[in-house]
Amino acid sequence: MDKKSPIEITLTERDDAVTITQWVYQTLRNAVMNGQILPGRALTIRELAGILDVSPMPVREALRQLAAENALEIQGNRRVMVPQMTAMKFNELCEARIAIEPHAAARALPYIDSKRLQELRDLDYLIDQAQAEENLEQVNILNQNFHRALYTANPHQVTLPLIESLWLQLGPFMRLASSKLEEHYLVDRHNEAMSAIEKRDAFALQLAISADIREGIAFAGTPELLHNFIQQATGSSR
């Protein structure tokens, strides 16, 4: 990966109730999660402060938090980098998603009312539109919103921070993978999930979410294929 590739960070207007440090952290976190900063891209506090039009201090604090979440690596020369992906790390992250997210969905099921179900339908419709427009970044963001809306129906849920940590570590590589794939095998399992919700079938909902995650990583069908793809996508020899 080119260590000086362009960075296109989506900037949102800061609410007065949100501190500059919180805004910088959330902005950079979203940028990493949505793959706007690709693996291997070297960053500096000065560069990011210039992009965000803030002083270095809130950037330094945000980078420290993201490094603690394993989203970034702080190197000895004070440069910061999105970690390169390895086959073993990729498998661990994906298997963790498959272990946690179907559980979160099943636990949320009793709390999903007609309003929340309509929200899920609306999000799925927007995902279909983004897919038709081949807007991969928007597909990724909307897909996260769909899963987040599903899991947070449970007012007692405690797994979302764990789930988002996994998205955060996978996001840059999944964005890079999407840009390198010649074909995208996009099978919409969200309809199956919503059908299971209507039937109040927790097991079917778990199966749909598990299948949704697995089909999102279908390009990594075997360890050898994944290893070769990581080398091709990132230029890594590991």
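Of the 238 residues in the chain, 45% are buried in this predicted model. The surface that remains exposed comes to about 12700 Å², with carbon and sulfur atoms supplying 51% of it. Confidence in the prediction can be summarised briefly: the mean pLDDT of the chain is 86, and 84% of its residues reach 70 or more. Among the elements of the chain, helix H8 (residues 190-198) has the highest mean pLDDT, at 97, and helix H10 (residues 223-234) has the lowest, at 61. A word of caution is helpful here, as predicted coordinates should not be read in detail where pLDDT is low.

Turning to the overall architecture, the chain contains 10 helices and three strands. Along the sequence these elements follow the pattern α-β-α-α-β-β-α-α-α-α-α-α-α. Contacts between residues at least 6 apart in sequence are made up, to 73%, of pairs at least 24 apart.

The three strands come together in an open sheet with antiparallel pairing, and their order is S1-S3-S2. Strand S1 (42-43) and strand S2 (73-74) are the edge strands, each pairing on one side only. Strand S3 (residues 80-81) runs antiparallel to S1 and is joined to S1 by two bridges. Within this pairing, Ala42 stands opposite Met81 in S3.

The interior deserves a closer look. The largest nonpolar core holds 53 residues, and those with the most contacts inside this core are Leu28, Leu150, Tyr151 and Leu205. Helix H1 (residues 20-33) gives the most to the core, contributing seven residues. For Leu150, the contacts beyond its neighbours within four places in sequence are Ala105, Ala108, Ile112, Leu120, Ile197, Leu205 and Ile209. Leu205, one of these partners, is also among the residues with the most contacts inside the largest core. Separate from this core is a second one of nine residues, including Phe90, Leu93, Cys94 and Leu170.

Helix H4 (residues 87-108) rounds off the picture. This helix of 22 residues reaches 32 Å from its first C-alpha to its last, close to the 32 Å expected at 1.5 Å a residue. Its buried residues are Ala87, Phe90, Leu93, Cys94, Arg97, Ile98, Glu101, Pro102, Ala104, Ala105, Ala106 and Ala108. An α-helix has 3.6 residues a turn, so residues three or four places apart point the same way. Of the buried positions in H4, Phe90, Leu93 and Cys94 belong to the second core, while Ala105 and Ala108 are in contact with Leu150.

Key. Residues numbered from 1 in each chain as written. Predicted model: local features only at pLDDT ≥ 70, side-chain atom pairs only at ≥ 80, totals over all residues. Heavy atoms only, no water. Pairing = 2+ DSSP bridges. Helix = DSSP H or I, 4+ residues; strand = E, 2+ residues; numbered from the N terminus. Core = buried A, V, L, I, M, F, W, Y, C linked by side-chain atoms within 4.5 Å. Buried < 20%, exposed > 50% of the residue type's maximum accessible area, 1.4 Å probe, protein only. Contact = heavy atoms within 4.5 Å. pLDDT = per-residue confidence, 0-100. Expected span 1.5 Å × (residues − 1). Areas by Shrake-Rupley, 256 points an atom, 1.4 Å probe, with all protein chains shown as cover.
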